[in-house]
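Visitor: I am new to this structure and would like to be led through it step by step. Could we look at it together, one question at a time?

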Amino acid sequence: MCQNNRIEKLRKVLQANYCDAMLISKEENLHYFSGFTGDDTFLVITLDNCFLITDSRYTKQASEQTSFTIIEQKTGLLSKTVELIKKLNINSLAFEGNALIFNQYNYLAKNLIDIEVDFSTSLDLTELRIIKDENEIELIKKAINISDEAYSHILKFVKAGMSEQEIATELEYFMRKLGSERPAFTTIVASGVRGALPHGVATDKLINNGEFVTIDFGAVYKGYHSDITRTFCVGKASDRQKEIYDIVLQAQLLGLKEIAPNKSGREVDFPVREYIKNAGYGDFFGHGLGHGVGLEIHELPRLSPLSPTDKLKENMIVTNEPGIYVPDFGGVRIEDTVLVTANGCQALTQSDKRLVEIM
């Protein structure tokens, strides 16, 4: 079972950090290591056992989703966790410093000191999720298929006079009908001059003839996310719109050539950024080229000038999303979700990237 392999990797990390057990509180990691999809739950994974602490709302669900030992709490998640740790005679307990709420940490630290448990080791488990297994890749592909179908649908739906919010609502409704659990993030629909906002979430602005519309959205399928951005024109595109669109398209295609194992995110980002800079729009591309996608919409690795020197590896999944954003004019972004392969990469997003003019 894939969870068993994941737990064994975690246990090696615990041993390397001289810890007896790990307290997991982040929902994505609850899912990743146990298969459980609820909330208000902690996992305690020791070197030889796995425990899931939850309340009566989730005990039946947990019994169906995981092979962990289920412990029902009736008086409080934190107090039950301390009680379990005391029974297990744990000496050193690691935690997720980037996920555990401060008040929860304070409570646990105070009560664990009373039983002389070292609760000072923070571990970031995101790195254990960075390389996707075969099952994860298939789930992400399914989420991508849903968003690809939604893009094809929305091109037939959009017309001048429609609001950005109408487009976002239709996208999300259509994806739900195809099996998406929820939007992968707040759907972005930015038209006209609002296209200069990289994260311009949908408003009641009406779309005018001759405007670019950038839509950035995704589906969630069994916990796994897709991420796609496309820009199209309602009506006939101007020469300048076509120029900027082509620069972004060529930059995006260059990114697909650059993404490969044994390159850092910085090394992938640089030539794409230079291409846009040499085309005269370097000041208008302010964000990184891409990010990891999986149980979270933004996770490791990062493709940006600030990326660490860690190298990409086969079966990592990242986005490739260059953009140009010109104030008082608008913007263009084109984004695929991409699988790193043994010799390069494969764009999993299949939606056409040629400029569409909706007449």
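Visitor: Is Arg182 buried, partly exposed or exposed?

Guide: The model before us is a predicted one, and Arg182 forms a salt bridge with Glu181, in which the closest N and O atoms are 3.5 Å apart. Glu181 has a relative accessible area of 33% and is partly exposed. For Arg182 the relative accessible area is 40%, and since a residue counts as exposed over 50% and as buried under 20%, Arg182 is partly exposed.

Visitor: How many salt bridges does the structure hold, and which residue forms one with Arg57?

Guide: The structure holds 25 salt bridges. Arg57, which is exposed with a relative accessible area of 52%, lies in the loop between strand 3 and helix 3, and its partner lies in the loop between helix 2 and strand 2, so the pair ties together parts that are 17 residues apart in sequence. That partner is partly exposed, at a relative accessible area of 45%, and with the closest N and O atoms 2.9 Å apart, the residue that forms the salt bridge with Arg57 is Asp40.

Visitor: In which helix do Lys80 and Glu83 both lie?

Guide: The side chains of Lys80 and Glu83 meet in a salt bridge of 3.3 Å, taken from N to O, and Glu83 is partly exposed, with a relative accessible area of 34%. The two residues are three apart, about one turn of the helix, and the helix in which both lie is helix 4.

Visitor: Which residues are linked with Lys26 in a network of salt bridges?

Guide: Here the salt bridges go beyond a pair, since the network links Lys26 with several other residues. The residues linked with Lys26 are Arg129, Lys132, Glu296 and Glu299.

Visitor: Which helix gives the largest share of the largest nonpolar core?

Guide: The largest nonpolar core has 34 residues, of which Leu10, Met22, Ile24, Phe33 and Ile45 touch the most other members. Helix 1, strand 1, helix 2, strand 2, strand 3 and helix 6 each supply at least two residues of this core. The largest share, four residues, comes from helix 6.

Visitor: How many residues are in the other core that lies apart from it?

Guide: In soluble globular proteins, nonpolar side chains tend to be buried together. In this structure a further core lies apart from the largest one, with Ile130, Leu249, Ile259 and Tyr281 among its members, and its number of residues is 28.

Visitor: Is Leu14 buried or exposed?

Guide: Leu14 has its place in helix 1, and, leaving aside neighbours within four places in sequence, it is in contact with Cys19, Ala21, Met22, Ile45, Leu47, Ala94 and Leu123. Its relative accessibility is 0%, so Leu14 counts as buried.

Visitor: What is the order of the strands in the open sheet of six strands?

Guide: The edge strands of this sheet are strand 4 and strand 6, each of which pairs on one side only, and strand 5 and strand 6 pair in the parallel sense over three bridges. Ala94 stands opposite Thr121 in strand 6, while the pairing in the sheet as a whole is mixed, and the order of the strands is 4-3-2-1-5-6.

Visitor: What angle does the direction of helix 5 make with that of strand 6?

Guide: Helix 2 packs on this sheet and touches strand 1, strand 2 and strand 3, its direction making about 50° with that of strand 2. Helix 5 packs on the sheet as well, touching strand 1, strand 2, strand 5 and strand 6, and the angle between its direction and that of strand 6 is about 140°.

Visitor: Which strands stand at the edges of the open sheet with the order 7-8-11-19?

Guide: In this sheet of four strands the pairing is mixed, and strand 11 and strand 19 pair in the parallel sense over two bridges, with Cys233 standing opposite Glu357 in strand 19. Helix 6 lies across strand 8, strand 11 and strand 19, running at about 10° to strand 11. The edge strands each have a single partner strand, so one side of each is left without a neighbour in the sheet, and these are strand 7 and strand 19.

Methods
Residues numbered from 1 in each chain as written. Predicted model: local features only at pLDDT ≥ 70, side-chain atom pairs only at ≥ 80, totals over all residues. Heavy atoms only, no water. Core = buried A, V, L, I, M, F, W, Y, C linked by side-chain atoms within 4.5 Å. Buried < 20%, exposed > 50% of the residue type's maximum accessible area, 1.4 Å probe, protein only. Pairing = 2+ DSSP bridges. Contact = heavy atoms within 4.5 Å. Axes fitted to C-alpha atoms, helices over the stretch in contact; angles between N-to-C directions. Salt bridge = Lys/Arg side-chain N within 4 Å of Asp/Glu carboxyl O.
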